[in-house]
Each structure stands twice: as C-alpha cells, then as structure tokens.
Amino acid sequence: VPTVLAQDGFKVRILLPPWEHGPAHVHVYRAGALVLIDLPDRHRGARIRRIDGMKAADIVAAVRLVEANVAMLRREWRRYHA
C-alpha cells in the first residue's frame, strides 16, 4: 500500500488493484484512525465515504490536505489504477 503523501502526522495512501476500485479516492490515516475521501473533480468537491475513529478536527484537516494536493493525488491514482 503506497503512502503517496505524508504531512502533519497524516499518511495518505492509495490501495492497489485488484482489491481497490473507483471512484478515485484515498485512505487518510492519523494516530490509528482513518477517513476515506473521494477525490474532488470539476463536478463536486471531496466527499467523505468512511470514517473510522478520526476526530472531527482531524477529518477537516484531512479533507483540506486532500483538496490542497488533489492534482498530485489524481496523478498517483492513475499511476496505480491505469
């Protein structure tokens, strides 16, 4: 499971096929907690798909981190899911 971004205690990972599938999304971990976020596109913003134990403030920070790095995260998604 590649970690494609590590910042401020967060690790953003992309799971690999065949266990993973679209839509494009990332798994964001911090302190043993997880939030799964669909990557934003031109039609909609980031969407939280799943939360597992993450505090509200960390969820907000995780979404902001994803939104700030969406171009790179989309490139990485395509790299592993092409």
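These exercises work through a predicted model of one protein.

**Exercise 1. Fold order**

Task: State how many helices and strands the protein has, and give their order from the N terminus.

Solution:
- Start with the counts. The protein holds 2 helices and 5 strands.
- Now read along the chain. From the N terminus, the order is β-β-β-β-β-α-α.

**Exercise 2. Overall dimensions**

Task: Test the radius of gyration of the protein against that of a compact globule.

Solution:
- Take the chain length, 82 residues.
- For that length, a compact globule would have a radius of gyration near 12 Å.
- The protein has 12 Å, so the value agrees.
- Add the extents. Along the principal axes, the C-alpha trace spans about 35 × 25 × 20 Å.

**Exercise 3. Burial, surface and charge**

Task: Describe the burial, accessible surface, long-range contacts and charged side chains of the protein.

Solution:
- Burial: 37% of the 82 residues count as buried.
- Surface: the accessible area is about 4,900 Å². Carbon and sulfur atoms account for 52% of that area.
- Contacts: take those between residues at least 6 apart in sequence. Of these, 42% join residues at least 24 apart.
- Charge: there are 14 positive and 8 negative side chains. The centres of the two sets lie 2 Å apart.

**Exercise 4. The surroundings of Asp38**

Task: Locate Asp38, decide whether it is buried or exposed, and find its side-chain polar contacts.

Solution:
- Locate the residue. Asp38 sits in strand 4, which covers residues 33–38.
- Check the accessibility. Asp38 has 0% relative accessibility, and buried means under 20%. Asp38 therefore counts as buried.
- Look for polar partners. The Asp38 side chain makes a polar contact of 2.7 Å with the side chain of Arg47. Another polar contact, at 2.5 Å, links the side chains of Asp38 and Arg49.
- Widen the search, skipping neighbours within four places in sequence. Asp38 then contacts Pro23, Ala24, His25, Arg44, Ala46, Arg47 and Arg49.

**Exercise 5. The surroundings of Phe10**

Task: Place Phe10 in the fold, classify its burial, and list its contacts beyond four places in sequence.

Solution:
- Place the residue. Phe10 belongs to strand 2, residues 10–13.
- Classify it. Phe10 counts as buried because its relative accessibility is 4%.
- Compare sequence with space. Phe10 and Arg30 are 20 residues apart along the chain. Their C-alpha atoms are separated by 4.9 Å.
- List the contacts, leaving out neighbours within four places in sequence. Phe10 touches Leu5, Val28, Tyr29, Arg30, Met54, Asp58, Ala61, Ala62 and Leu65.

Note on methods:
Residues numbered from 1 in each chain as written. Predicted model: local features only at pLDDT ≥ 70, side-chain atom pairs only at ≥ 80, totals over all residues. Heavy atoms only, no water. Rg over C-alpha atoms; globule rule 2.2 N^0.38 Å. Buried < 20%, exposed > 50% of the residue type's maximum accessible area, 1.4 Å probe, protein only. Contact = heavy atoms within 4.5 Å. Areas by Shrake-Rupley, 256 points an atom, 1.4 Å probe, with all protein chains shown as cover. Lys, Arg positive; Asp, Glu negative; His and termini not counted. Charge placed at Lys NZ, Arg CZ, Asp CG, Glu CD. Polar contact = N/O pair within 3.5 Å; in protein donor to acceptor, adjacent residues only side chain to side chain.
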